[in-house]
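Got the viewer open? Let's walk through this one a selection at a time.

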Amino acid sequence: MSRNSLRFVKLIRSLSTEPSRPQKINRIADELFSLNRFERHDFTVLWRLKMGLDRYGSAPVAGGLGPLGSAASGPAAADATAAPAEKTAFDIKLEKYDAAAKIKIIKEVRSFTDLGLKEAKELVEKFPCVLKKGVTKDEANPIIEKLKELGATVVLE
């Protein structure tokens with residue numbers, strides 16, 4: 001286990017009032033510790049959305065579910081659901097790439113993600129795959145252009 005994981009376990013143990021936790025909690029904690037960076041990111045985003053926060057955990061999601069998981073009600077909610085909102089968050093998806101440019105593409109993927117060399121290589125090799133989730137169109141365009149220059153086929157979803 002990493003140092004942060006051990007701190008988390010110690011914190012949980014100090015907050016626990018029972019001498020032994022249920023087996024289900026131990027299993028969940030073990031599964032969370034075994035996640036890779038992408039899976040941890042996806043879990044964190046999903047958790048925050050289910051808690052009624054935006055993906056950064058700072059403010060409630062506009063027009064979405066509240067912190068108690070219930071949808072907004074009233075005339076304002078009816079107006080919000082009647083008009084479909086314009087999509088603001090996009091995913092950058094790698095469709096295919098030129099084999100000769102593989103190393104350059106891996107380096108570029110590392111530059112806009114917080115991945116190590118091994119993780120970036122594994123991600124690029126398992127195309128088609130999502131390289132980055134939840135980015136704005138303004139953030140995505142330079143990334144897509146750079147990857148296209150290197151010989152990759154990239155789409156914005």
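Start with helix 2, which gives the most to the nonpolar patch, with three residues. Keep in mind as you click around that this is a predicted model. To see the whole patch, select Ile-25, Ile-28, Leu-32, Phe-43, Trp-47 and Met-51 and show their side chains: together they put about 520 Å² of accessible area on the surface. Now colour helix 2 (23–33) and helix 3 (37–50), since each of them supplies at least two residues of the patch.

Zoom in on Ile-28, which sits in helix 2. Is Ile-28 buried, partly exposed or exposed? With a relative accessible area of 36%, Ile-28 counts as partly exposed, because that class lies between the 20% limit for buried and the 50% limit for exposed.

Time to zoom out and switch to cartoon. You should find seven helices and three strands in the protein chain. Trace them from the N terminus and the order reads α-α-α-α-β-α-α-β-α-β. Turn on a surface and you're looking at about 11400 Å² exposed by the chain, with carbon and sulfur atoms supplying 57% of it. What share of the 157 residues is buried? Buried residues come to 20%. As for contacts with a separation of 6 or more, 61% of them join residues 24 or more positions apart.

Next stop, the inside. The largest nonpolar core has 22 residues, and the ones to select are those with the most contacts inside it: Ile-92, Leu-94, Ile-105, Val-109, Leu-131 and Leu-147. Light up the elements around them: strand 1 (90–97), helix 5 (102–112), helix 6 (117–125), strand 2 (129–135), helix 7 (137–149) and strand 3 (152–156) each bring at least two residues to this core.

Stay with Leu-94 and show its neighbours. Leaving aside residues up to four places away in sequence, Leu-94 touches Val-124, Phe-127, Pro-128, Cys-129, Leu-131, Ala-152, Thr-153 and Val-154.

Val-124 leads nicely to the last stop, helix 6, where Ala-120, Leu-123 and Val-124 are buried. Turn the view to look straight down the axis of helix 6: the buried residues fall within an arc of 95 degrees, so they line one face of the helix. Which elements do the buried residues of helix 6 pack against? Select helix 3, strand 1, helix 5 and strand 2, and you have the partners. Helix 3 may look familiar, as it also supplies at least two residues of the nonpolar patch where the tour began.

Definitions and conventions:
Residues are numbered from 1 along each chain as its sequence is written. This is a predicted model: local features need pLDDT of at least 70, side-chain atom pairs count only at pLDDT 80 or more; totals for chains, interfaces and linings use all residues. Side-chain values use heavy atoms; hydrogens and water are left out. Patches are made of residues with over 30% relative accessible area and no salt bridge: like charges are joined within 9 Å, nonpolar side chains (Val, Leu, Ile, Met, Phe, Trp, Tyr) within 5 Å. Accessible areas come from the Shrake-Rupley method with a 1.4 Å probe; for residues, only the protein chains shown count as cover. A salt bridge is a side-chain nitrogen of Lys or Arg within 4 Å of a carboxyl oxygen of Asp or Glu. Helices (H or I, at least four residues) and strands (E, at least two) are DSSP runs, numbered from the N terminus. Buried means under 20% relative accessible area, exposed over 50%, partly exposed in between (1.4 Å probe, protein chains only). Contact means heavy atoms within 4.5 Å. A nonpolar core is a set of buried Ala, Val, Leu, Ile, Met, Phe, Trp, Tyr and Cys residues joined through side-chain atoms within 4.5 Å. The arc is that of the directions from the helix axis to the C-beta atoms.
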